[in-house]
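Hi everyone, thanks for making time. Let me put the structure up on the screen, and then I'll walk you through it.

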Amino acid sequence: MTSYDVLIIGSGPAGLWAAEELAKKKPGLSIAIIEKGSFSSGGLMNDCKLNLSTDIGMELDELKISRQEAEKYIQEIDAKFLELGADQKLHGTEQKEIDKWVTRARRCGVDLVACKQRHVGTDESKNLINKYKAQLESLKVKFFLNREVKSIRRKDERFLLTTNKGELRSKFLLVAPGRDGAYWFRKQASRLKIKYSWGPIDVGVRIEMPSEIYDPITDIIYDPKFKFITKTHHDKTRTFCTNKGGKVRIEPANGKGFSLINGDALKRVKTQNTNFAILNTINLTEPYADTLEMGRDIAKETVRLGGGKPIIQRMGDFLAGNRSKMSTFFDKAKHYDTLKPTLPIGIAVVPGDITLAYRGRIIDNIRDTIIALDKIIPGIADAPNLIYAPEIKFYDTKYFTSQGLETNVPNLFIAGDGVGKSRGIVGAAMTGMIAARGIIKKIS
Ligand SMILES: Cc1cc2nc3c(=O)[nH]c(=O)nc-3n(C[C@H](O)[C@H](O)[C@H](O)COP(=O)(O)OP(=O)(O)OC[C@H]3O[C@@H](n4cnc5c(N)ncnc54)[C@H](O)[C@@H]3O)c2cc1C
């Protein structure tokens, strides 16, 4: 068995940025990152749009930091990305044009949040991660890849981690398992008596359309964040993760029993399509508040209706409440032949009926959002456009933490999306740094 000062579970942005902070500020600490995948590092390997704003992907109250502090973290994170080779081009700087869009959205009763963004691209992010990993290794951070932590126990004032390849011990533990590990960690948290409550969940769909429809806005704002209060139920929805010239992607099941929809874009090779998500935020209170379980049920039901695969539906069918079928999916009479999905039909996704798979209220909210958005950007509701489901963001469980993200279990810190502290790469990296500083404070 090997013993470390600090063990970090998860090599996503939260884990990596935490490791650098610890290694640089406290040289001599023995630090190891444990990652169940064969490659570092989690969601960083995807599209990698960097939202450089305190309004996106983080809640300052939850993190117990001021806006100024958060801005300083963001600057540091952005500088690191540039050092690692991210594109210098900064999107979202044409303020006059942005203001026009904000006003236009407002006239339709919709808020538009624009921020400075950088895009790395799925094709570039691997190089960037390799470079970061090499830097961390030169700072003596040890990486255990293909190592899955099965359980966490507390023994003799230390943490004892059982993995698929033996046991590891540490004085401090930072858990940053991402959305993929959220369910696993919650079970550990219950056993370790870590205090938590339920938080909201985002359930939605991904829209795909010809890029030319969305170009007028994406040429100005790389990933526009529209926020809606829906007409029928007055619920909150928003647009999320826009990928101009990108592809719709499948997030693999990884033992969960269902796969999910997502999207990304390459830096160099572009498609003719743009995709983005519409997400409906759901809060539950009593008598049932387990949003994680609810999200899993919705995902399972959707994939079950798709015969084990996510569902795709033509916008025209969705709005009319009709099922999309293989036989009519490219129907010329409906102009369905004018838009080819970026995911192969029948192989990755199957035509079906999202209105049957999702709960009525969620469908109403998605429909209201599409209609409202179509007013701002005509063409969103065109019949040949595509809708994919399930797209669900699992960052529901809210763990109670101190200022440095320490839980009620002494020396057990948490960071990133999987523990409800962030919603995106920059936010996750920031929480990693905050937790690292929390650990350093306890050591000093
Ligand atoms: C297709 C796709 C596109 C995305 N695009 C963007 C984008 O453009 N911009 C953006 O800001 N965000 C994007 N995201 C979200 C982003 O990836 C996450 O917000 C971010 O990666 C969260 O970081 P994290 O460190 O909390 O977790 P992760 O990056 O998910 O890393 C957690 C790591 O922990 C590992 N792990 C989990 N459990 C265990 C265990 N028991 N033992 C060992 N290892 C474990 C996982 O394998 C994983 O590698 C995208 C996500 C996807 C899936």
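Okay, so buried residues make up 58% of the 444 residues in this protein. By buried I mean under 20% relative accessible area, with exposed being over 50% and partly exposed in between, using a 1.4 Å probe and protein chains only.

Quick housekeeping. What you see is a predicted model, where local features need pLDDT of at least 70 and side-chain atom pairs count only at pLDDT 80 or more, while totals for chains, interfaces and linings use all residues. Residues are numbered from 1 along each chain as its sequence is written, and side-chain values use heavy atoms, leaving out hydrogens and water.

Now the overall picture. The protein has twelve helices and 21 strands; these are DSSP runs, H or I of at least four residues for helices and E of at least two for strands, numbered from the N terminus. Its radius of gyration is 22 Å, close to the 22 Å from the globule rule for 444 residues, so the protein is as compact as a globular protein of that length. That radius is taken over C-alpha atoms, and the rule is 2.2 Å times the number of residues to the power 0.38. If you'd rather think in box dimensions, the C-alpha trace spans about 70 × 45 × 40 Å along its principal axes.

What about contacts along the chain? Of those with a separation of 6 or more, 76% are between residues 24 or more positions apart, where contact means heavy atoms within 4.5 Å.

On the outside, the protein exposes about 18,300 Å², and carbon and sulfur atoms supply 51% of that. Those areas come from the Shrake-Rupley method with a 1.4 Å probe; for residues, only the protein chains shown count as cover.

Let's zoom in. Find Phe 228, in strand S12, residues 225-229. Phe 228 is buried, at a relative accessible area of 5%. Which residues does Phe 228 touch, leaving aside neighbours within four places in sequence? Its contacts include Val 110, Thr 369, Leu 373 and Arg 238. Also, Phe 228 and Cys 108 are 120 residues apart in sequence, yet their C-alphas are 9.9 Å apart in space.

Follow that contact over to Arg 238, which sits in strand S13, residues 236-244. Buried or exposed, this Arg 238? Buried, with a relative accessible area of 17%. Its side chain makes a polar contact with the side chain of Asp 202, at 2.3 Å. A polar contact here is a pair of N or O atoms within 3.5 Å; within protein, one must be able to donate a hydrogen and the other to accept it, and residues adjacent in sequence count only if both atoms are side-chain atoms.

Stay in S13 for Cys 241. Its phi is near 55°, a positive value in a residue other than glycine, and Cys 241 is buried too, at 10%. Leu 405 also has a positive phi, near 65°. You'll find Leu 405 in the loop between strand S20 (398-399) and strand S21 (412-414), buried with a relative accessible area of 0%.

Last stop, cis peptide bonds. One runs from Glu 286 to Pro 287, with omega near 10°, and Pro 287 lies in the loop between strand S16 (273-282) and helix H8 (291-305). Another joins Ala 389 and Pro 390, with omega about 5°; Pro 390 is in strand S19, residues 386-393.
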